[in-house]
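User: I've just opened this one and could use a guided tour. Can we take it a piece at a time?

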Amino acid sequence: MDFWRATTLEEQIDTAMGRQEADLVLKGGNVFNVFLKTWEVADVAISGSKIVGIGQYKGRQEIDVKGLYLTPGLMDAHVHFESSMLSPREMVKVLLLNGVTGAITDPHEITNVLGEKGLRFMLDETANIPFSAYLMIPSCVPATDMDTSGARITPEDMEHIRKLSPRILGLAEMMNFPGILGKQQNEMNKMKLFYNQKVDGHAPGLSGKELNAYVAAGITTEHECVTPAEAWEKVRRGMYVFMREGSAAHNLVDLLPLLKKPGNRRLCLCTDDRHADDLIEQGSINYLLEIGVAQGYDPEDLIPMATLNIAECYGLKHVGALAPGYVADIAVFENLQSFQPVHVIKGGVQVVKNRKLLWKSDPVLEPPGQSMNMRPATVEDFRIPAKKNKKLRVIGISQTQLLTSELHLTPTVQNGEAVSDIGRDILKMAVFERHHNTGNIGLGFAFGFGLKKGAIATTVGHDSHNLSVVGTNDEDMAVAVNRLREIGGGLIVVSDGEVRATVPLAIAGLMSDRDAMAVNSQIKQLNFWLKELGVPEEYSTFMILAFTSLPVIPELRLTDRGLVDVVHFEHVDLWCE
């Protein structure tokens, strides 16, 4: 497929004037004016990669779009490609089929595993493709010092990384807001470095003078709002608020009432973390539009949140509108209830025709290498000698939110060892460091996984992405760990010593090198076996397991270095009075 024929300014003027035929004309569609939130029946004339006219035009190639609805190509204001478990190019294929032609991406996950090498991989894989992938430099590599990540990115590293590509727009979500408010030198260095560029926020619940200070530091976006009141305060203080609907976090419906307020030009849509099966079966940003319409909101108010508002937020010129001089990124829909596009134009080239993808590419150009640097596990690694008259600190998980609780429970003891108790749903858990072969293994217990048999494990473990495993017995847990080590990481279900299902993630233990349909099939097999082993179908089991090792969300977490009391931000013993 040929992309973006170069045209001169003179050619564009002549085409706009009708003196010469356009390269491509979309004939007779309902064209959305994102500035006025109105529709106009007209042709859209394209010269090279640019829209040059709205009106009546002739073209060397013409597409009949009478009765269809034309909007700017959709954008995602904040997304981690890695969370899809798809390679960047496979992710882009799915996004194009959903009318998404651009995204602001944060390669936080792969950078925590592979450092600058991982970020360069994401840059290289998204270069010279029919998609606008803008990158933000991860601000927190590592996220904390309570576990072991694969890499460290300093402000000095950031200074040269930001010059690698014009597609790098600024600094990704600044999660360490206490560090900003406390003027920690490392965080101050980052903020000063990016003061004249975009800096994304991540400060749930921040309000009042603390919010003022956060915004004054140069942070102007937020995707963690959960209530309209919180979101509106942040809009009033000059922030852009991203309404999020991912696979785990569902905030869109609660925040949509903000559309009724006059400041809705500061509202954008994002998915943040969305898994491959949800992307394929439900959609991406187009799915968020469908939710909004189903909730009774006008598509004319929703579409700008997925187009022009995002472009303005990130200072992207000539993007996000159907108007002369703007890049010809266009989504063509059959109606304004189901936003599954019929056609998609990217930079003046048709990439989706009659709901079929025209762009072809291998899933991965050049994999970045293996990322499983650890010894094999043994059954003895999981042994936990019991302590007389002591209780266990147990991680109480929720299947509806990422918060956990700290439970103090009497252990089940066999042969002098604390073991899993299926009847009480108290299961042994372990986190293996996989980056530097330190041999670190954190051991603990979790309540609420619902597993009645076998073990499950994953190398997706926000944010350091060590290997987490939970199970009903030590033998299956060891099998799960060792199989993931052999295949380079992924997700796995084991029972009776047999591997029942895997989703191999050969790229940093986070993304597959297979095509999207193959990954979706593997996920379906994984979910089948989860159900077979007793986990209720509605549980987001692997997502919950991935976040159980994240020591920044209260109350209790398990890392490769042991249990972490997140409330007091300190390591604590497994045993308590």
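User: Between which two strands does the loop holding Asp 463 lie?
Analyst: Keep in mind that this is a predicted model. Going into Asp 463, the peptide bond from His 462 is cis, with omega near 0°. The loop around Asp 463 runs between β24 (455–458) and β25 (467–471).

User: Which residue does a cis peptide bond join to Pro 554?
Analyst: Look in the loop between α17 (541–547) and β28 (556–559). The cis bond there has an omega of about 5°. The partner of Pro 554 is Glu 555.

User: What is the phi of Met 85, and is Met 85 buried or exposed?
Analyst: Met 85 sits in the loop between β6 and α2. Its relative accessibility is 8%, and buried means under 20%, so Met 85 counts as buried. Although Met 85 is not a glycine, its phi is positive, at about 65°.

User: Where is Asp 496, and what is its phi?
Analyst: Asp 496 belongs to the loop between β26 (490–495) and β27 (498–504). Asp 496 is not a glycine either, yet its phi is positive. The value is about 55°.

User: Stepping back, how many helices and strands are in the chain, and what is its radius of gyration?
Analyst: The chain has 17 helices and 31 strands. For 577 residues the globule rule gives 25 Å, and the chain comes out close to that, so it is as compact as a globular protein of that length. Its C-alpha atoms fill a box of roughly 90 × 50 × 45 Å along the principal axes. The radius of gyration is 25 Å.

User: What share of the residues is buried?
Analyst: On the outside, the chain exposes about 21,900 Å², with carbon and sulfur atoms supplying 49% of that area. As for the 577 residues, the buried share is 62%.

User: How far apart are the centres of the positive and negative side chains?
Analyst: There are 56 positive and 72 negative side chains to place. Take the centre of each set, and the two lie 2 Å apart.

User: Which residues have the most contacts inside the largest nonpolar core?
Analyst: In soluble globular proteins, nonpolar side chains tend to be buried together. Here the largest such core has 127 residues. Another core lies apart from it, with 18 residues, among them Met 372, Val 469, Met 477 and Val 481. In the largest core, the ones with the most contacts are Phe 81, Ile 110, Phe 131, Met 243 and Leu 269.

User: What does Phe 131 touch, leaving out residues up to four places away in sequence?
Analyst: Phe 131 is one of the residues with the most contacts inside the largest core. Across the chain, 69% of contacts between residues at least 6 apart in sequence join residues at least 24 apart. The list for Phe 131 is Phe 81, Val 92, Leu 95, Leu 96, Val 100, Thr 101, Gly 102, Ala 103 and Lys 346.

User: What is the relative accessible area of Ala 133?
Analyst: Ala 133 is found in strand β8. Beyond its neighbours within four places in sequence, Ala 133 is in contact with Ala 103, Thr 126 and Arg 167. Ala 133 is buried, and its relative accessible area is 0%.

User: How many residues of helix α12 are buried, and what do they pack against?
Analyst: Helix α12 covers residues 285–294 and is mostly covered, with 8 of its 10 residues buried. Among the buried ones are Ile 285, Leu 288, Leu 289 and Val 293. Just past the helix, Gly 296 takes a positive phi of about 100°. The buried residues pack against β6 (74–79), β7 (100–105), β12 (240–244), α10 (252–255), β13 (267–270) and α13 (299–302).

User: Which residues of helix α4 are buried?
Analyst: Helix α4 spans residues 116–125. Its cover includes α2 (88–97), α3 (108–114), β8 (132–137), α5 (155–161) and β9 (168–174). The buried residues are Gly 118, Leu 119, Phe 121, Met 122, Leu 123 and Glu 125.

User: Which residues is Lys 37 in contact with, leaving aside its neighbours within four places in sequence?
Analyst: Lys 37 is in the loop between β1 (22–33) and β2 (38–47). With 25% relative accessibility, Lys 37 counts as partly exposed. Its contacts are Phe 32, Asn 264, Glu 300, Asp 301 and Pro 304.

Note on methods:
Residues numbered from 1 in each chain as written. Predicted model: local features only at pLDDT ≥ 70, side-chain atom pairs only at ≥ 80, totals over all residues. Heavy atoms only, no water. Helix = DSSP H or I, 4+ residues; strand = E, 2+ residues; numbered from the N terminus. Rg over C-alpha atoms; globule rule 2.2 N^0.38 Å. Buried < 20%, exposed > 50% of the residue type's maximum accessible area, 1.4 Å probe, protein only. Contact = heavy atoms within 4.5 Å. Areas by Shrake-Rupley, 256 points an atom, 1.4 Å probe, with all protein chains shown as cover. Lys, Arg positive; Asp, Glu negative; His and termini not counted. Charge placed at Lys NZ, Arg CZ, Asp CG, Glu CD. Core = buried A, V, L, I, M, F, W, Y, C linked by side-chain atoms within 4.5 Å.
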